[in-house]
Structure formats: C-alpha cells, structure tokens
Amino acid sequence: MKKFLLLSLLLITGNIAFSQTLWSVTHTSGTQTINGNSVTVTGLNSASSTTYCGIGPYWVGNSNNTSGYMYAFSTPVSEFRIVMTAMNIGEVISIYINGTKYNLSTSNLSSYTGSCTAGNCVIVSGDITTTTASNNGAAASNGQLDIISSVGVDSIRVQHINGIGNGTTFNFAFSGDTTVSIKQPFNDTLLCAGDTLQFNYSVSKKFKSGNIFTAQLSNASGSFASPTVIDTVHSDTAGIMSWVVPSTITPGGGYRIRIIASNPSRISSDNGKNISIGNIMPAKPVANNNGPLCANDTLKLTASSATSGVSYMWTGPNNFTSGLQNPVKLNPLPADGGDYIVTAYIFGCRIKDTTTVVVNAGTGPTGTTATGNTPLCADDTLKLFGTANGTGNNYNWTGPNGFSSNTQNPVLPASTVAMSGDYVLYAGNGNCVSRDTVTVVVKPRPANFGGITNAPICTGETLTF
C-alpha cells in the first residue's frame, strides 16, 4: 500500500461541491472495485453489520467496545462522506486519515435529516459525540461528515474509541479523485544557475475549467513553508513545466518540487528525490594518470580542484565510470587507453578536464612506485626512491630543471627551492615501461637572525630581549 503524508485538509461546511459523483461502499470485508478503485474494507475489534433508520451497513461500538472500520484504496482519493445515526449519549467516534487522527471541527459536520428524526451530533475535542437524547425516548443522534483533502488519502478509519453506548450505525461514500502528480522517474537532480529544469506532470482525471497548475520549489532543506513559484500552466490536463535556475538561488542539496492545482484545490506529492542546486562554478579540476602503462600494471587516475567540497565523476573507454576522486584500474589492456574525463561538481555546477592514458601491449614491471623524503628544507638532501615488482628492472628519472638519472634511488645534496616539482620514475624490463610520479616540495629556510639584550646589567635589574 502506498504511503502518503497528510499535510492539510480543505474543509467546507454543509453540502460541499464534490468534484465528482459520490460512490457508496457497502461491503463489510474484503476488496471490491468501485469506479475503478480497489477498496479494501477491514472490520476492527469485533465491528459488525446492521442498518438503523436507513443508515448502514456499518455498526461500531456494539457491546460497548472500541470497534471500527478501515477503508484502504488502491488509488488515493480525497473526498468522503460519512453519515451516522443512532449515536448514543456519551459515545465518541474518531476519524483517522492515513493512520493519523484527524481533529474534526464544526466546519465539516452538518445535521442529517434522513428517515430518522432525532438529535444532532456535535464536535467535542475533535471527535464526534452527542449530548442530547432523541425524541423517541432513546439516544439516537444523527450527523453528516463531509471531508475534502488537499492531498491523496490511501486509508481512512472510523473508530469508536470508548466503552459508552450501545453502538452507532453509519454508511461511507467517496468520490473518484482528481489528482495531479509529477511524472516518474524524476532524474534531473543536479542543477546549476542557468540550467533549465523540465519535467512532466500527469493527472488522474481532467480538472475543471479555469484550473491553474502552479509548480513550487521548496527551500534547500525540502520545506514548503515559504515555497518559490517556478512555473504556472493554465490547463485542465497533463503537460510539461519548466524553470530556468536563477543566479540568485541559494546553493543546497535538499530542494524538492511539487504542483498545486486550483480547481479543484489539490497538492501533489513532491518529486521524491533531493535536488542539488548551485550558483558558483568550481575551479577547473586537474586530471592526471600514471601512464604510459604496461598491460599487467595498475592504472591510477588522479584529480584535484582548488574548490573545496567538490565531488568527482570519471568516464572513459570501455564504459569506464567512477565516482572516486582518484580511482584505480587493475591490469589495464591496450583497449583501456584513451581519454579519461573527470567532472568536478558542487550542487550541480560542473566543469571538466581530460587526461590521456597510454597502455602498451607488452608486459612489464608492476607496482611501479615513486616516493621521496618530501617536503624538505633548502640545503637538505633530496632522496628519491623507486620500486617495481620483478627482477632485472631498469629505472630512469626525470624532473625539474632538466634533471635526469638512471639510478633507482638518486640522491641530490644541497637542494634548492627551484628543485620543487614533479619527479617521474620510468621502470622497464625490456618489454614495456611503466611510470609513477612524486611531487617534491623544497621549502626555503628562514633568514638568519640575531638576539639583542640590554646586557650587561647589575644584580636586581631587569634583563630584556
């Protein structure tokens, strides 16, 4: 069974104008299809069946119990009529909609003037009750309850909640609902200022002439307490709505949208997914890789952005995708070579960079890794370390200022700030060469400084520095 949040109820006094014909429910258990809607009736706590003064077949409160009836709908509805009679003094009836107790008021309760002449029901503390006996010597007050909900209702329960009285009979009817909903699946959940959001909406039945559909945007936390209108459509049937994201939008990741109909008044459920919306483009990411690689090596992709809080998405050859910032791929093949594109995004604002991967057909050293004793200070000795699996490997380094070395672990004494940068290690075994990179940072030393005091001084004087 679907679950719907009961937001609010639009209540109209007296003989309200239901949007469509009322359909009576007469079965006391099981499921029957009424006007295309599968209605399941369940008796609760020894509820039974009878008719009094032409009203029935539902009887609750018999034997002074807390019996009731539950009505569940395969398609949500929103218009109901409940007519009660033979309500005894002190009996209390509560109404529950979507599992939540609904506080009744005098605005939706009217007198029932059917075949039984008796007193009228009243509202006390949000429930239906009676305080006056009927004119036939027995307590048999009557009442008619009309409800129009602004949201879809998938279950309603009529419940006798106390042990007073000898039972109340009632009948139950609903009208085929007219609802509006945002068409699913809804997948456009990443937006940036300037983007256009377009979505379809559907209706269960045509609305009345002059109806206006209004699309509303929640705040960044999903609340519709003060919604923003993003589109309006004058229509009585399904259609398309759209919105261009303004640059003034507050960035956030919890936006939702819903649709309001005017004739009759209806509120749709929201789109069902959080929408991330941003208005600031992140800094362009820098994409890199550890190629060229050998077919038995490990592909390492790296990405960085000067904007904090960004997320990353990679795409590449052979349907490669990853949501990691620095993904790896084991045992790449030559067919895995090509352009790998990384997208950095924050609340829907996106920017891309590309790195080209080369995978050679031969097999070579695996696990090629370059490291160093970085960071270090100027004048310290820079030490580079190269490792690769296997024996008989040859190593070659390149780096800033034309640096090169064919030593596996080169040592550079008396380092300078200008030696900062990327040092690339190439490891080969005669069949294939793979590489890895280490970024070296050489920091300048502080300038020499001296201390000044007021010495010499005498005993008892203050020494200052």
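Which element gives the most to the lining of the second largest pocket? In this predicted model, that element is β39, with five residues.

Local features rest on pLDDT of at least 70 and side-chain atom pairs on pLDDT 80 or more, whereas totals for chains, interfaces and linings use all residues. Residues are numbered from 1 along each chain as its sequence is written, and side-chain values use heavy atoms, with hydrogens and water left out.

**The chain as a whole**

The protein chain has zero helices and 40 strands, where helices (H or I, at least four residues) and strands (E, at least two) are DSSP runs numbered from the N terminus. Its radius of gyration is 38 Å, well over the 23 Å that the globule rule gives for 465 residues, so the chain is more spread out than a compact globule; the radius is taken over C-alpha atoms, and the rule is 2.2 Å times the number of residues to the power 0.38. Buried residues, those under 20% relative accessible area with a 1.4 Å probe and protein chains only, make up 44% of the 465 residues.

**The sheet that holds β39**

Four strands form an open sheet in the order β36-β35-β38-β39, with antiparallel pairing. Because β36 (403-405) and β39 (433-440) stand at the edges, each with a single partner strand, one side of each is left without a neighbour in the sheet. Strands count as paired if DSSP finds at least two bridges between them. Three antiparallel pairs, one of them from this sheet, are set out below.

| Strand pair | Bridges | One facing pair |
|---|---|---|
| β38 (421-428) and β39 | eight bridges | Asp 422 and Thr 439 |
| β32 (369-372) and β34 | four bridges | Thr 371 and Phe 385 |
| β34 and β37 (411-412) | two bridges | Lys 383 and Val 411 |

In β34 (382-387), Leu 382, Leu 384 and Gly 386 point to one face and are buried, while Lys 383, Phe 385 and Thr 387 point to the other face and are not.

**The second largest pocket**

About 240 Å³ of space lies in this pocket, a pocket being an open set of points on a 1 Å grid over the protein atoms alone where a 1.4 Å probe fits, with protein on both sides within 12 Å along at least five of seven lines, and lining residues having an atom within 4 Å of a point. Besides β39, the elements that give two or more residues to the lining are β25 (286-289) and β26 (298-304). The lining includes Asp 422 and Thr 439, which are bridge partners, and its residues divide into one nonpolar, six polar and four charged, with Asp, Glu, Lys and Arg counted as charged, Ala, Val, Leu, Ile, Met, Phe, Trp, Tyr, Cys and Pro as nonpolar, and the others as polar.

Note on methods: Points joined across faces, edges and corners; volume = space filled by probe spheres on them. Buried < 20%, exposed > 50% of the residue type's maximum accessible area, 1.4 Å probe, protein only.
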